[in-house]
Each structure stands twice: as structure tokens, then as C-alpha cells.
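Please open the model in your viewer and keep the sequence panel beside it, since this tour moves from the whole chain to one site.

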Amino acid sequence: MPTPLSWPNCRNTRDLGGLVRSDNLDQLTAAGLAALDAYGITRIVDVRDVWEIETFPSPYRADPRWLNIPLNDPADPAIGSDDLLIQYQALVNNYPHRFARAIAAIAEAPPGPVLVACHAGRDRTGLVIALTLAAIGVPTEVIVQDYVTAPAEWEHDQPQASTMRAILADLDVPAYLLAAGLTLEHLAALKNRLSVEPTHQPPPAPDAH
């Protein structure tokens, strides 16, 4: 089960067993920055758009641990829907290589906790986390329970379990990611990194894909 983390002033931060998810790190206070650094994070995968990076710069943008791997691009056609399921399906169906790149960054990270973050820590981060967990065989309902975990102040905008169930229902996630550029070595590294009893094998080299 997720372990909530207190990193002021981020409000949606939790550890899934070495895979940490969070909202926008530009909100971190000095105490929050210290808490993140003390946690031993070895890689930060920031999946926000380029305009977000420019408008709300990450405090880690000059840190070699930080990688910006946007899931959206300004040239992408507008999805034209407020329905989260439709938005999620468009991202998953149209841009598998973007998800594969983000998940490869997790697999290739040095030993230690890896952080995935976006603006609210729900949608883009939620998809990357869900596909990562599904790729190593985590049951759908466990993934769904993490997805619906949300801050109390989101009372009127709670994530819906049915949304994530629908995304994962007919998707062979390992095959989807392998076709998009992830490798068997990446999958093995993810299982090792997130296993209850890791084998402590080194991660694949960044050029493995």
C-alpha cells in the first residue's frame, strides 16, 4: 500500500515501494526540499509540458537527477474533451513511445527511490505509475487503489476507479511498452527495483533502448 510522504508544500506525494509520485515540485518549501533530498531520491522524472517547465521551473532543473520527459507536445492536436478517460486513452493510444521513454528512465535510474512528478500528480503521473506497475504484473485493483488515493481537498474532483480500470482492461502493458521501445532488460530492472526481495542487479545502461 502507498506510504504518504510529508514534503511541504507538495500535497499529493507517496511512496509505492521505491517508486515515489508527487505533484509539482516548485511548491516545495526549504523543508520540503530537505525532505526530498534526505529521502535519497536518485532520479526525478518530470513529465510536465515544456510551457509548465518554463512557467513553474523545477528547483531541480540544474540537478543531474532531473529529467524532463513531457507526455504532451505543443504540436499535438487538441483532444477536445473534459472526460479524463478520453484524455487518457488519447495519450496511451497516440504516444506509447513517450510512456516507454519515461518508464525506461525509471528502469535505468541508479539504485534508490525514483520520483515521478507532474502538476497535480494525478493524471500524467498516474498513467506513468499505472503502466510501470502493470508492466511488472501488479494486480489491476492494487493499481486502481493507488490511483484513487487523493488529498482531502480534492473532495469534488476525486479520481474515479472506473477510469483507470478502463485504461488497463484491454491493454497488454508489457507488449505495449516493448513495441514502443522498452526492452526486456528494462522490464527485468523494473521488477528488480520494485520487488519485495530485489536481486540487486545493476540497472541497464541508458543506451539499452
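How many helices and strands does the secondary structure of the protein chain come to? Colour the chain by secondary structure, and you should find 9 helices and 6 strands, where helices (H or I, at least four residues) and strands (E, at least two) are DSSP runs numbered from the N terminus. This is a predicted model, in which local features need pLDDT of at least 70 and side-chain atom pairs count only at pLDDT 80 or more, while totals for chains, interfaces and linings use all residues. Residues are numbered from 1 along each chain as its sequence is written, and side-chain values use heavy atoms, with hydrogens and water left out.

Next, select all C-alpha atoms of the protein chain, which fill a box of roughly 45 × 40 × 35 Å along the principal axes. Now switch to contacts (heavy atoms within 4.5 Å): of those between residues at least 6 apart in sequence, 66% join residues at least 24 apart. Colouring by burial comes next, with buried meaning under 20% relative accessible area with a 1.4 Å probe, protein chains only; buried residues account for 48% of the 209 residues.

Finally, select helix H3, residues 84-94, which supplies 5 residues, the largest share of the lining of the largest pocket. A pocket here is an open set of points on a 1 Å grid over the protein atoms alone, where a 1.4 Å probe fits, with protein on both sides within 12 Å along at least five of seven lines, and lining residues have an atom within 4 Å of a point. Add Asn 72, Pro 77, Ile 79, Gln 87 and Leu 91, which lie nearest the centre among the 17 lining residues.

Technical notes:
Buried < 20%, exposed > 50% of the residue type's maximum accessible area, 1.4 Å probe, protein only.
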